[in-house]
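The following exercises ask the reader to work from the displayed model towards a reasoned description. Each task is followed by a solution in steps.

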Amino acid sequence: MDAPSLTVDPRALPTEGKRLQGSLPPAVFALPEGDPVRPTGPLTFDLHALRDDDNLIVTGHLHAPFQFDCVRCLQPFDFVVDQAHYTAELPIENEQIIDLT
């Protein structure tokens with residue numbers, strides 16, 4: 001089985017679109033050391049990518065747990081980003097592969 005990927009090749013995209021499903025490690029967020037936002041688990045995704053002329057339409061679900069530092073008391077707290085109705089429209093430029101990360 002292939003490793004999960006958040007890349008889409010518009011030239012190979014079926015007419016009905018493509019399902020992208022899996023998880024990526026917390027390092028995908030590429031946050032600098034010492035950042036007050038820290039991912040505490042993987043980014044999980046269940047997305048559908050569909051071509052609409054010169055655009056890529058991506059819809060679906062994103063989920064990622066984080067730990068933040070409170071700006072008032074400086075205590076850490078946990079927060080889960082759960083985007084149940086994620087939608088993005090991205091331009092397809094020169095038929096190049098689109099990296100959704």
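**Exercise 1. Identify the residues of the aromatic cluster, and characterise one of its pairs.**

Solution. Step 1: the cluster consists of Phe29, Phe66, Phe68, Phe77 and Phe79, linked by ring pairs. Rings of Phe, Tyr and Trp (its six-membered ring) pair if their centres lie within 6.5 Å; planes under 30 degrees apart count as stacked, over 60 as edge-to-face and the rest as tilted. The model is predicted, so local features need pLDDT of at least 70 and side-chain atom pairs count only at pLDDT 80 or more, while totals for chains, interfaces and linings use all residues. Residues are numbered from 1 along each chain as its sequence is written, and side-chain values use heavy atoms, with hydrogens and water left out.

Step 2: the ring rule gives a count of 4 aromatic pairs. In the pair of Phe68 and Phe77, the ring centres are 5.6 Å apart and the planes stand at 20 degrees, so this pair is stacked.

Step 3: consider accessibility, where buried means under 20% relative accessible area, exposed over 50%, and partly exposed in between (1.4 Å probe, protein chains only). Phe68 has a relative accessible area of 21% and is therefore partly exposed. Phe77, at 38%, is also partly exposed.

**Exercise 2. Place Phe77 in the secondary structure and in the surface.**

Solution. Step 1: Phe77 belongs to strand 6, which covers residues 76-91. Helices (H or I, at least four residues) and strands (E, at least two) are DSSP runs, numbered from the N terminus.

Step 2: together with Phe79 and Val81, Phe77 makes a nonpolar surface patch of about 250 Å². Patches are made of residues with over 30% relative accessible area and no salt bridge: like charges are joined within 9 Å, nonpolar side chains (Val, Leu, Ile, Met, Phe, Trp, Tyr) within 5 Å. Accessible areas come from the Shrake-Rupley method with a 1.4 Å probe; for residues, only the protein chains shown count as cover.

**Exercise 3. Describe the surroundings of Ala49.**

Solution. Step 1: Ala49 is found in strand 4 (residues 43-52). Its relative accessible area is 0%, so Ala49 is buried.

Step 2: leaving out residues up to four places away in sequence, Ala49 touches Val8, Leu13, Gly17, Lys18, Leu20, Leu56, Ile57 and Val58. Contact here means heavy atoms within 4.5 Å.

**Exercise 4. Determine which elements are joined by the salt bridges of Asp46 and Arg38.**

Solution. Step 1: a salt bridge is a side-chain nitrogen of Lys or Arg within 4 Å of a carboxyl oxygen of Asp or Glu. The count by this rule is 4.

Step 2: Asp46 forms a salt bridge with Arg19, at 2.8 Å from N to O. This pair links distant parts of the chain, with Asp46 in strand 4 and Arg19 in strand 2 (residues 18-24), 27 residues apart. Asp46 is partly exposed at 28%, whereas Arg19 is exposed at 52%.

Step 3: Arg38 and Asp69 also meet in a salt bridge of 2.8 Å, N to O. Arg38 lies in strand 3 (residues 37-39) and Asp69 in strand 5 (residues 55-69), so this pair ties together parts that are 31 residues apart in sequence. Arg38 is partly exposed at 26%, and Asp69 is partly exposed at 29%.

**Exercise 5. Find the backbone feature of Asp53 and Asn94.**

Solution. Step 1: most residues other than glycine have a negative phi. Asp53, which is not a glycine, has a positive phi of about 55 degrees; Asn94 likewise has a positive phi of about 55 degrees.

Step 2: Asp53 is in the loop between strand 4 and strand 5, and Asn94 is in the loop between strand 6 and strand 7 (98-99). Asp53 is exposed at 62%, and Asn94 is exposed at 71%.

**Exercise 6. Characterise the chain as a whole.**

Solution. Step 1: the protein chain has 0 helices and 7 strands.

Step 2: its radius of gyration is 16 Å, whereas a compact globule of 101 residues would have one near 13 Å. The radius is taken over C-alpha atoms, and the globule rule is 2.2 Å times the number of residues to the power 0.38. Along the principal axes, the C-alpha atoms fill a box of roughly 50 × 30 × 25 Å.

Step 3: buried residues make up 22% of the 101 residues.
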